[in-house]
Amino acid sequence: MPELPEVETVRDGLERHVVGRTVRAAEVRRPYSVRRHLAGPADLAGRLAGRTLTAAVRRGKFLWLPLDHPGAPGTTPDDALLAHLGMSGQLLVRATAADVAAAEHPHLRVRLLLDDGGALDFVDQRTFGHLSVVDLEPTADDRPGGAGSDLALVPGPVAHIGRDLLDPAVDRDVVARAVRRRRTQVKRAVLDQTVVSGVGNIYADEGLWRARVHPLTPTADLDQATALRVLDGLAEVMGEALAQGGTSFDALYVNVNGASGYFDRSLAVYGQTDRPCPRCGTPVVRESFMNRSSHFCPVCQPAP
DNA sequence: CGCTCTACCTGTGTGC
DNA sequence: TGCACACAGGTAGAGC
């Protein structure tokens with residue numbers, strides 16, 4: 001389940017192994033996986049052929065690779081290959097033609113054949129993820145936590161996504177005020193990607209546990225210090241997961257599912273129903289929330 | 001405009 | 001064994 005640390009691990013792998021290479025051709029095996037590319041699979045393939053991948057950029061859980069102009073290398077890219085991994089998406093680098101041939105996979109959705117004989121494969125079991133080629137647009141960076149009037153060059157579908165807590169330009173004080181401005185519960189607020197991006201169900205539960213805040217606490221009840229403690233808890237747990245993911249990252253293999261190894265060892269409450277809270281030993285509680293689930297310690301995180 | 005809820009998708013696990 | 005169903009969950013867009 002890729003959240004911010006997993007997507008950042010993928011971005012880092014793409015930066016080191018794919019950036020600078022050129023797409024020879026794109027094969028769309030499953031049109032549904034490019035459904036956000038409104039002009040259709042053939043148009044997507046046409047816009048990728050012959051283009052060079054010039055960078056790997058991420059905001060929250062969105063990831064994009066700006067594309068060089070075929071006839072004008074070195075100019076500022078104005079479009080990009082945009083990816084969202086959804087729940088189960090993986091971007092897998094195949095180094096050689098032999099690797100490509102050996103890598104047929106029942107969940108292979110899109111294959112980008114590269115000009116050096118390798119490939120970049122988009123594999124996605126549950127197909128919540130998607131790829132598209134979209135224009136980059138100078139976007140007023142006035143989202144919560146943004147850098148005020150600065151313009152950021154981001155894909156159109158990413159324009160409404162807030163900065164994430166691992167972004168050096170994020171202002172946690174501003175994000176905390178944005179969380180408190182919402183009229184809802186704190187877990188809903190931190191899952192809202194327009195408020196703060198990159199947080200999914202797993203890290204929301206873990207961050208709230210670290211901050212000792214119940215998921216259903218009304219945002220109206222949060223003072224600034226408590227809201228900041230929640231953001232600190234989220235940033236801390238995502239930072240630790242990223243550090244672990246980075247150390248287990250395998251060269252030439254950009255993995256997502258379980259790449260960090262974090263899920264098995266370090267989760268305090270997520271998926272730990274009835275197991276003891278690592279702080280106080282009280283059994284962890286699971287409750288239904290937004291057709292999902294919330295996990296928390298009923299003692300450390302008292303109900304509002 | 002702000003908030004809430006659901007559809008989208010597929011493989012795995014569980015209960016009858 | 002076979003079937004039905006719950007579950008995992010990020011996002012866009014509809015609904016209120």
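Select DNA strand B together with the protein atoms around it: in this predicted model, 76% of the strand's atoms within 4 Å of the protein belong to sugar or phosphate, and the rest belong to bases.

Keep the strand displayed and add the residues around it, which are R30, Y32, H107, Q125, R126, T127, F128, R182, R183, T184, R188 and N291. Coloured by character, the residues of this surface divide into two nonpolar, five polar and five charged.

Three side chains deserve a distance label here. An N or O atom in the side chain of R182 is 2.4 Å from a phosphate oxygen of DNA strand B, and a polar side-chain atom of N291 lies 3.3 Å from a phosphate oxygen of the strand. For Y32, the partner of the side-chain N or O atom is a sugar or linking oxygen of DNA strand B, at 3.0 Å.

Next, show the open sheet of four strands, whose order is β1-β6-β7-β5 with antiparallel pairing. Its edge strands, β1 (23-28) and β5 (89-94), each pair on one side only, and the twist averages 15 degrees from one strand to the next. Zoom in on β5 and on β7 (residues 119-124), which are joined in the antiparallel sense over six bridges; there, L92 stands opposite D121 of β7.

Finally, select residues 4-17, which form helix α1, with 14 residues and a reach of 20 Å from its first C-alpha to its last, close to the 20 Å expected at 1.5 Å a residue. The helix is mostly covered, since 11 of its 14 residues are buried, including L4, P5, V7, V10, L14 and H17.

Key
Residues are numbered from 1 along each chain as its sequence is written. Chains are lettered from A and ligands numbered from 1 in the order in which they are written. This is a predicted model: local features need pLDDT of at least 70, side-chain atom pairs count only at pLDDT 80 or more; totals for chains, interfaces and linings use all residues. Side-chain values use heavy atoms; hydrogens and water are left out. Helices (H or I, at least four residues) and strands (E, at least two) are DSSP runs, numbered from the N terminus. The expected span of a helix is 1.5 Å times one less than its number of residues. Buried means under 20% relative accessible area, exposed over 50%, partly exposed in between (1.4 Å probe, protein chains only). A residue is near a molecule or strand if one of its heavy atoms lies within 4 Å of it. A polar contact is a pair of N or O atoms within 3.5 Å; within protein, one must be able to donate a hydrogen and the other to accept it, and residues adjacent in sequence count only if both atoms are side-chain atoms. Ala, Val, Leu, Ile, Met, Phe, Trp, Tyr, Cys and Pro count as nonpolar, Asp, Glu, Lys and Arg as charged, and the others, Gly among them, as polar. Two strands pair if DSSP finds at least two bridges between them. Axes are lines fitted to C-alpha atoms, for helices over the stretch in contact, and angles run from 0 to 180 degrees between N-to-C directions.
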